[in-house]
Amino acid sequence: MMFILNRRSFLRGSTALGSTAMLGGTVLGGTALVATASRVQAAETLTLYNGQHRATTEAIVAAFTKATGIEVTMRNAESPELSAQIAEEGANSPADLFFSEQSPPIAALQEKGLLGKIDDATLKMIPAKYSAKDGTWIGASVRTRVITYNKKLVKEADLPKSIMDFGTAALDGKFAYVKGDGFQEQIMAIVHIKGRDAALAWLKGLKQYGRSYNGNRIASTAVLNGEIAMALSNNYYWYSLAREKGEAGLDAALYSFPGDDAGNIFNVSAAGMLKSSKKQATAQKFLAFLVSKPGQEAMVDTTAEYPVVDGIVSPFKLPSLATFKAPVTPADMGSAAEAYALEREAGLI
Amino acid sequence: MRWSAKRALFDPSALNHPKAFGGGRYGVPPLWLVLLSLIPFGLVALPVGYVGMRTYAAGSSGILRDLVRPYTLNLLVNTLTLSVSVTVCAGIIATAAAWCTERCDLPGRRWWRLATALPLAVPAYVSSYAWSSLGPQFQEMGGAILILTFYSVPLIYLPVSAALRSLDPNFEDVARSLGLGRWRSFGRVVLPQIAPALSGSALLVSAHMLAEFGALSFLRVETFTTAIYDQYANEFNNDAAALLSGVLMLICLPVAFIEAALRGRRRFARISRGSARKPTPIALGRLMPPVVLGFVALAILGFGVPLVTLCFWVWEGTSTGQGIGRVVPALLTSLGYALPGAVLTTLLAVPLVIATTHFRGRLVTLSDRLPYLVHGLPGIVVALAAVSVAIRYAPLFYQTTGLVMLVYAVLFLPLAQSAVRASAELVPRELGEVARSLGKSPFKAFLLATLPNLAPGIGAALALVALQLMRELTATLLLAPAGVVTLATEFWSYTSDRAYGAAAPFAAALVLISGVPVYIFTIRTLRVADEP
């Protein structure tokens, strides 16, 4: 590109850059080989593909290793990416475990027959509504669907009384929605309670009157900044925002619908074991630990999500789960193919 | 087309006429060159084959019905609007800026050059986040075009200003003396000579815009690429996502080949460069204040806004300081991946470029164009293609550093190709022929006569590719050995947990380290050019 450069000095520079780079490559390559070798030797090392918040999983893994001496190697990425990766890897997957931020990515692997059955003893530790019907994945934490709203733009008393109001002209241009992370669960709940036609009409209304955002984090930031009055979201996005910015001066707040509205639902983060794993017994130990008291304590300490077992206290000020019902459990949803079909019919995707 | 001296004066491309230098037709490339070009060709063909097979696996049932919907049409319109607008806007701004810094009597040119090139040091997702937090008006298509235009300007500015600087002003003088005005002599004499630099970098930008994801995830603009990520996120259907990727490649296809056709058989090398005098700077006069203001705006918008945002994160965030001990190790790992990756990518690009600039052949043209198609694919698609192939055919190689390097090369070959091509086009192929006539083998002739002349292009390629590799996220996350931590992965990890204060130092380190190659290149070119 720069053809006017002094050629000699440039050659010298490029050669130096080149040899440093080659050296770096050799060293890294060597490390990789050593890493591969040690992976084969140590029987008590698990490979975990992690899509849940990294800090949360790191805390759980640290507690697990301390309790059992079993090492866990984590690969972090977005849950859907990891789900697609495991689907490509098939029976050769190096992963023993998958921890997904939402249930649909892991349910997609369940439908492809890639997950192994979890021990009954582990499944019995949590309520049945939090795990897969065939026992191939377990919920590890619970979160609620909520409305994040800006206190300066809308008074709490004036907030909509039902999730169904969001598909109507009354809320034109006043709310944000995100087509992912809990949205499918919301659609399925409406299908279950109000019927398919109502859900389709609701989605069409959403498309007409709402503003679509490419991510939950950016949508809740828009509410915080007063760019839009409300957003349909999961509870923990607000808590992470409050933790970073300080709760005191925050203009954004959370709201749940009164009574047993179709908008008051929960969803779970979920974990499972790969059928192809050669360390099934060890992987079962990790899953059991995940829903045990120490595992759940490590979980609730780092993220504003509800535990899946009783008797664990969250340091976050979470409202009671009593008004949140389970018209459809995460297990009923599966990978939410029907929600996807409806979104398509409504022209949302 | 008949060769005439008059025509050559008005249209330097007439110099390409075979008779201009008494040269013959372009020959067929030697076997070793074809074989070396086949390595990158084979690598790049893998994701193309993967997309093809997945699309086929999706079955014919409902595939077309799936595509022909208002939603897809909307995506198509958005994708094209974004890609074309950004390319055109950045092309105009970059050419104007290059003209001002190279040909006008702008005071303090070295600083304006630096100011125009610096936004290259800021990753698109950082500047996008900064801009989107300024207000909703920046989150729509207009904002996306604005943000990505500022991001893309340096990618076009650097090659175009380098080309402008190497022009012999005599051509222009002759055109002016024959009665052409300044604008017309620019259009007929200067533009054709900077066209390869301009069209090559514009192609790069437009392909890059097709695949852009990180920046758009903060905005409210949906393109094919965001829809592909949605498909993975909601439908968990790798086949359907591949189908959309196939459409993306079809969009990129005409762009890539039109650029090659535009370049055509033009010849830009001169046997003897003669001794071009320094062009007399054009007096800006009354235009000076607006031009200076324009450069200030460019620097503030492209570099200042993102930097201030990072400072704000550090100041406001409660997570500030978390993970600070990981900044230096992450920086070293980033360099440890980016530098060898850049060397490999450049090594693979050189034979491709030589085969197409100095020779002709269908296979080499195809292998030269294919990387641009893949450059227009989202990173996740290329990464999954690598997963699919490696796990089946090279399981021991899976999730090793070597595999990541190969995927890096597949993703960023075109950057290296464009940079090396800029140099290669100035090297007369006769140089190799002379070496041959002195009894050297074709390969030795290449090593001794052609390769040393490519050094500036190779240096630029290394810098550009290393710059992009340090920001690469998806392939690194999915394919690097477990536990590898780079600046980009840390930034992603903290921002996805909204720990912006903790994320800021990693972004700042990324900007600082990226600033080094940008600074060196800009300063060096200018020192040489400004020497009396």
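**Cavities and cysteines**

Let's start with the empty spaces. The count comes to twelve cavities of 30 Å³ or more. Keep in mind that this is a predicted model.

I'll take one of them, the second largest cavity. How much space lies in the second largest cavity? About 160 Å³. Its lining is made up of 16 residues. Nearest the centre you find Arg344(A), Arg69(B), Tyr71(B), Gln231(B) and Leu244(B). Look at the chain letters there. Both A and B appear in that list.

Now the helices. From chain A, α13 (337-345) supplies at least two residues of the lining. From chain B, four helices each do so: α3 (63-67), α4 (70-103), α10 (224-235) and α11 (238-263). Which one gives the largest share? That is α10(B), with four residues.

What about the chemistry? The lining has nine nonpolar residues. Three more are polar, and four are charged.

Next topic, the cysteines. How many disulfides does the structure hold over all chains? Zero. Take Cys89(B) as a case. Why no bond there? The closest cysteine sulfur sits in Cys100(B), and it is 17 Å from the sulfur of Cys89(B). A disulfide needs the two sulfurs within 2.5 Å. So that pair is too far apart for a bond.

Are these cysteines buried or exposed? Cys89(B) is partly exposed, at a relative accessible area of 33%. Cys311(B) counts as exposed, with 52% relative accessibility.

That's my tour. Find α10(B) on the screen, and you have the helix with the largest share of that lining.

Technical notes: Residues are numbered from 1 along each chain as its sequence is written. Chains are lettered from A and ligands numbered from 1 in the order in which they are written. This is a predicted model: local features need pLDDT of at least 70, side-chain atom pairs count only at pLDDT 80 or more; totals for chains, interfaces and linings use all residues. Side-chain values use heavy atoms; hydrogens and water are left out. On a 1 Å grid over the protein atoms alone, a cavity is a set of points where a 1.4 Å probe fits but cannot get out, and a pocket is an open set with protein on both sides within 12 Å along at least five of seven lines; lining residues have an atom within 4 Å of a point. Grid points are joined across faces, edges and corners, and a volume is the space filled by probe spheres set on the points. Ala, Val, Leu, Ile, Met, Phe, Trp, Tyr, Cys and Pro count as nonpolar, Asp, Glu, Lys and Arg as charged, and the others, Gly among them, as polar. Buried means under 20% relative accessible area, exposed over 50%, partly exposed in between (1.4 Å probe, protein chains only).
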